[in-house]
Amino acid sequence: MAKELFAGQKKNKYRIVISKKAVSKKNLAPLLKGHNKILIISDNGVPTKIIKTITEICKPSIKVFKIILQHGEKSKSIQNFEKILNFLADKNFDRTDLIVAAGGGVVGDISGYVASSYLRGIQFIQIPTTLLAQVDSSVGGKTAINISAGKNLIGAFYNPKGVLIDTAALNTLTKREFKAGLAEVIKYALIQNRTLFLLLKKYSLEILSMDHRIIEEMIFLSVQTKAKIVTKDEKENGIRAILNFGHTFGHAIEAHGKYRKILHGEAVAKGMKIASKISYLESLISLKEYQEVVNLLQLFEFDLSLEQYKYKELKPYVLRDKKIKEGQLNLVLLNKISNAIVTDSFNAKNLQRGLQD
Ligand SMILES: NC(=O)c1ccc[n+]([C@@H]2O[C@H](COP(=O)([O-])OP(=O)(O)OC[C@H]3O[C@@H](n4cnc5c(N)ncnc54)[C@H](O)[C@@H]3O)[C@@H](O)[C@H]2O)c1
Ligand SMILES: [Zn+2]
């Protein structure tokens, strides 16, 4: 059964559809209405079937252009940003035209940023094709590209016109990418969504074996949580910080491996274990609750080993974390399962202790 929900405030509110066949005429046609030209942005790791389906739906009234980037994080570059803007200008795209991002978070992030900038903003829609993009990057309006000084340093808050989450796209994803996306799903369960926590516990085998009925429900609950948080705090001034649960250490672990050794979700899984351990050390949760978190992560076969990371080596990255406000490191911790808090009051020694098993 198709599911739908909304995110964004007032004028910038958008509809999110989740189903096994979300990229359909029924869902796409209303979003295409009034546009004469579209540019589909994708990458060469995304199955071409999705792009063909979109193109077919546009025929014959809408002129379709395509840009297929090289897959990988490197594509979120200033060079590609400029290349796409020049392409739009060459083809005389105006504010009535539309960008369609069909791909993972890389495609979604650069497409959204192009959309936010070209002619000071043209509309775009998100068709996320990785689990991470479906539950995380396609919702919330954050767009970005990378520069040599760092990842996601350039970007804008810019909401899409709509999001179509087609769960069938997940069939071609590697198991590793799929599981990495599950880390963000577990994050929503731990920070705010008890129903999702129970679903994950009960149906881990079904999820790992790609049972679409359960996966659709799992994505719905994840997006529901993210949509609620980002709609309350569109520009990241407050509550949105809890979405960074597991990310302070997760980012440090990724950066320590120079972004080559470990996928984002795999690092976040380790980061969530550390943040939960610190929550326990701070007496915010019981040992039993901490173990419940670890058990859930293990149900999804995450490698939670931390021996290879020395606190001394991670510390510079932890302290560089963008959640530091006025020199004070803010941590996202658990007050109980499915209830996260942001705090700058904790025993600094527990940062190191959190890494110990
Ligand atoms: N804007 C946000 O709020 C936000 C949130 C989280 C992450 N991000 C960004 O998202 C990016 C990571 O996204 P990602 O994990 O989706 O990575 P990705 O976009 O690089 O996709 C991973 C790989 O999967 C391939 N792929 C995509 N769809 C596929 C499909 N259906 N079948 C088979 N292969 C497919 C891609 O070609 C790529 O090689 C990072 O750049 C990160 O900064 C943004
Ligand atoms: Zn993340």
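Select helix 9, residues 212-232, and you will find that in this predicted model the helix lies across strand 1, strand 2 and strand 9 (162-166), running at about 15 degrees to strand 1.

Keep those strands on display and add the rest of their sheet, in which seven strands form an open arrangement in the order 1-2-9-6-5-3-4 with mixed pairing. Strand 1 and strand 4 (63-69) stand at the edges, and because each has a single partner strand, one side of each is left without a neighbour in the sheet. As you step across from one strand to the next, the twist averages 20 degrees.

Within this sheet, select strand 5 (residues 98-103) together with strand 6 (residues 123-128), which pair in the parallel sense over six bridges. A convenient place to look at this pairing is L98, which stands opposite Q123 in strand 6.

Next, colour the protein chain by its two domains, domain 1 (3-169) and domain 2 (176-353), whose C-alpha centres lie 27 Å apart. Where they meet, 21 residues of domain 1 are in contact with 22 residues of domain 2. On the domain 1 side of this contact, strand 1 (3-7), strand 2 (14-19) and helix 5 each supply at least two residues, and the largest share, five residues, comes from helix 5. Colouring that side by residue class should show ten nonpolar, eight polar and three charged residues.

Helix 5 also leads to the next stop, ligand 1, since helix 5 (131-137) and helix 4 (105-117) each supply at least two residues of the shell around this ligand. Select the 27 residues that surround ligand 1, and then pick out the closest, which are G45, H71, G104, G105 and S137. By class, the shell divides into eight nonpolar, twelve polar and seven charged residues.

For the last stop, select K270, which lies in helix 11 (residues 264-281). Is K270 buried or exposed? K270 counts as buried, because its C-beta has 25 C-beta neighbours inside 10 Å, and the threshold for that label is 20 or more. Show its contacts as well: leaving aside residues up to four places away in sequence, K270 touches F249, G250, I253, L304 and L306. If you then draw a C-alpha to C-alpha distance from K270 to L190, the viewer should give 14 Å, although these two residues are 80 residues apart in sequence.

Definitions and conventions
Residues are numbered from 1 along each chain as its sequence is written. Chains are lettered from A and ligands numbered from 1 in the order in which they are written. This is a predicted model: local features need pLDDT of at least 70, side-chain atom pairs count only at pLDDT 80 or more; totals for chains, interfaces and linings use all residues. A residue is near a molecule or strand if its C-beta atom, placed from the backbone, lies within 6 Å of it. Helices (H or I, at least four residues) and strands (E, at least two) are DSSP runs, numbered from the N terminus. Ala, Val, Leu, Ile, Met, Phe, Trp, Tyr, Cys and Pro count as nonpolar, Asp, Glu, Lys and Arg as charged, and the others, Gly among them, as polar. Domain bounds come from an automatic or database domain assignment. Two residues are in contact if their C-beta atoms, placed from the backbone, lie within 7 Å. Two strands pair if DSSP finds at least two bridges between them. Axes are lines fitted to C-alpha atoms, for helices over the stretch in contact, and angles run from 0 to 180 degrees between N-to-C directions. A residue is buried if 20 or more other C-beta atoms lie within 10 Å of its own, exposed if 12 or fewer, and partly exposed in between; C-beta atoms are placed from the backbone.
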